[in-house]
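Hi,

Here is the structure I promised to pass on. Have a look at it first, and then read on for what turned up.

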Amino acid sequence: MNNKCVKAFFCITYEAEVGLHPKSSDRLTILESNPDVNYYGSSVPEITSTPLEHHLFVLADKGECFVDNAFKYIHKLEGEIGKKLHIYPGQLKLEEGVFMSLRFRENEFDYTMEFVDYLKDRLNWQFKIFREYHRDRAIIHYKKYIELEELYPDIYKDKNSKRVYFVKLSSDMELFDFYKLVSLIRRNHRFHSFEPFYAYAMMKYYEIEYFFMFYSPGFVVDDLPRLKEALDKEIMKI
């Protein structure tokens with residue numbers, strides 16, 4: 001029997017420390033999440049201490065229908081270059097305010113700068129420039145189209161990433177409570193080696209499903225049902 005497949009645009013949220021990237025300039029502010037070299041060593045297996053998915057951000061001051069138009073023109077650029085890009089529109093909440101953003105991989109820097117120039121020249125989008133920026137915690141939101149393959153009931157993996165898993169949650173929650181749930185899972189159930197994200201998707205009209213999304217190349221798939229059981233138990237305490 002074929003495994004159930006879920007396809008949707010997911011809204012993904014997490015907290016991270018954000019600082020200026022070395023290539024940030026007086027023409028364009030470029031931020032990077034978790035800029036410390038050894039950041040990942042404390043929360044996920046050692047092999048992710050310098051992950052391919054190191055992420056950068058540019059912030060937009062102005063952009064009409066920002067998310068939809070960003071996806072539209074990302075798709076156009078991908079067609080022109082014949083390459084899948086990992087550029088995702090969203091939002092950053094910083095001490096300085098809330099800004100629309102593009103999240104992208106460091107190894108796709110040149111393509112993303114080409115994309116930013118296109119948005120500036122063709123659509124007159126305006127991007128943020130900070131004269132000064134001090135490293136701080138940020139709440140990061142981004143939107144991504146994901147295809148999930150069911151491994152167990154209400155437990156999925158990202159079909160395009162062997163390192164990313166989704167466990168369905170019974171209800172919505174605030175981000176503060178989500179991180180409280182993460183702490184309970186780590187403290188009470190000995191799950192430590194993962195990087196967590198809160199995710200949700202609209203599966204049908206007004207039907208929203210919520211997920212404990214996490215990144216961990218070292219996670220044992222057979223432990224996923226035990227993680228689901230732990231999440232169901234601890235979420236009742238919040």
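To get you oriented: in which loop is Asp-223 found? Asp-223 sits in the loop between β11 (207-215) and α4 (224-235). Keep in mind that this is a predicted model. With a relative accessible area of 26%, Asp-223 counts as partly exposed. I also looked at Asp-223 against Asn-3: the two are 220 residues apart in sequence, and their C-alpha atoms are 18 Å apart in space.

Now the helices. Helix α2 covers residues 109-123, and at 1.5 Å a residue its 15 residues should span 21 Å; the end C-alpha atoms are 21 Å apart, so the two agree. The buried residues in α2 are Phe-109, Thr-112, Met-113, Phe-115, Val-116 and Leu-119. Looking down the axis of α2, these buried residues fall within an arc of 160°, so they line one face of the helix. Asp-110, Asp-121 and Arg-122 are exposed on the other side of α2. As for what the buried residues of α2 pack against, the partners are β2 (30-33), β3 (55-62), α1 (66-81), β4 (87-94), β5 (97-105) and β6 (126-127).

The same check works for α1: its 16 residues should span 22 Å at 1.5 Å a residue, and the end C-alpha atoms are indeed 22 Å apart. Buried in α1 are Phe-66, Asn-69, Ala-70, Phe-71, Tyr-73, Ile-74, Leu-77 and Glu-78. The cover over them includes β1 (5-20), β3, β4, β5, α2 and β7 (136-152). Gly-82 follows α1 and has a positive phi, near 65°.

A couple of backbone angles deserve a look too. Most residues other than glycine have a negative phi. Asn-124 is not a glycine, yet its phi is positive, about 60°. Asn-124 comes just after α2, in the loop between α2 and β6, and is partly exposed at a relative accessible area of 47%. Arg-190 also has a positive phi of about 60° without being a glycine. You'll find Arg-190 in the loop between α3 (175-189) and β10, and at 74% relative accessibility Arg-190 counts as exposed.

On to charges. Side chains of opposite charge can pair when their charged atoms come close. The count here comes to seven salt bridges, and these are three to click on:

- Glu-15 with Arg-137: the closest N and O atoms are 3.7 Å apart. Glu-15 is in strand β1 and Arg-137 in strand β7, so this pair ties together parts that are 122 residues apart in sequence. Glu-15 is partly exposed at 31% relative accessible area, and Arg-137 is partly exposed at 42%.
- Glu-78 with Lys-84: the closest N and O atoms are 3.9 Å apart. Glu-78 has 16% relative accessibility and so counts as buried.
- Lys-237 with Glu-234: the N to O distance is 3.1 Å. Lys-237 is exposed at 52% relative accessibility, whereas Glu-234 is buried with a relative accessible area of 1%.

One last item, on the surface. Tyr-200, Met-202, Tyr-205, Tyr-206 and Ile-208 make a nonpolar patch of about 610 Å². Of these, Met-202 lies in strand β10 (residues 195-204) and counts as partly exposed, at 46% relative accessibility.

Cheers

Notes:
Residues are numbered from 1 along each chain as its sequence is written. This is a predicted model: local features need pLDDT of at least 70, side-chain atom pairs count only at pLDDT 80 or more; totals for chains, interfaces and linings use all residues. Side-chain values use heavy atoms; hydrogens and water are left out. Helices (H or I, at least four residues) and strands (E, at least two) are DSSP runs, numbered from the N terminus. The expected span of a helix is 1.5 Å times one less than its number of residues. Buried means under 20% relative accessible area, exposed over 50%, partly exposed in between (1.4 Å probe, protein chains only). The arc is that of the directions from the helix axis to the C-beta atoms. Contact means heavy atoms within 4.5 Å. Patches are made of residues with over 30% relative accessible area and no salt bridge: like charges are joined within 9 Å, nonpolar side chains (Val, Leu, Ile, Met, Phe, Trp, Tyr) within 5 Å. Accessible areas come from the Shrake-Rupley method with a 1.4 Å probe; for residues, only the protein chains shown count as cover. A salt bridge is a side-chain nitrogen of Lys or Arg within 4 Å of a carboxyl oxygen of Asp or Glu.
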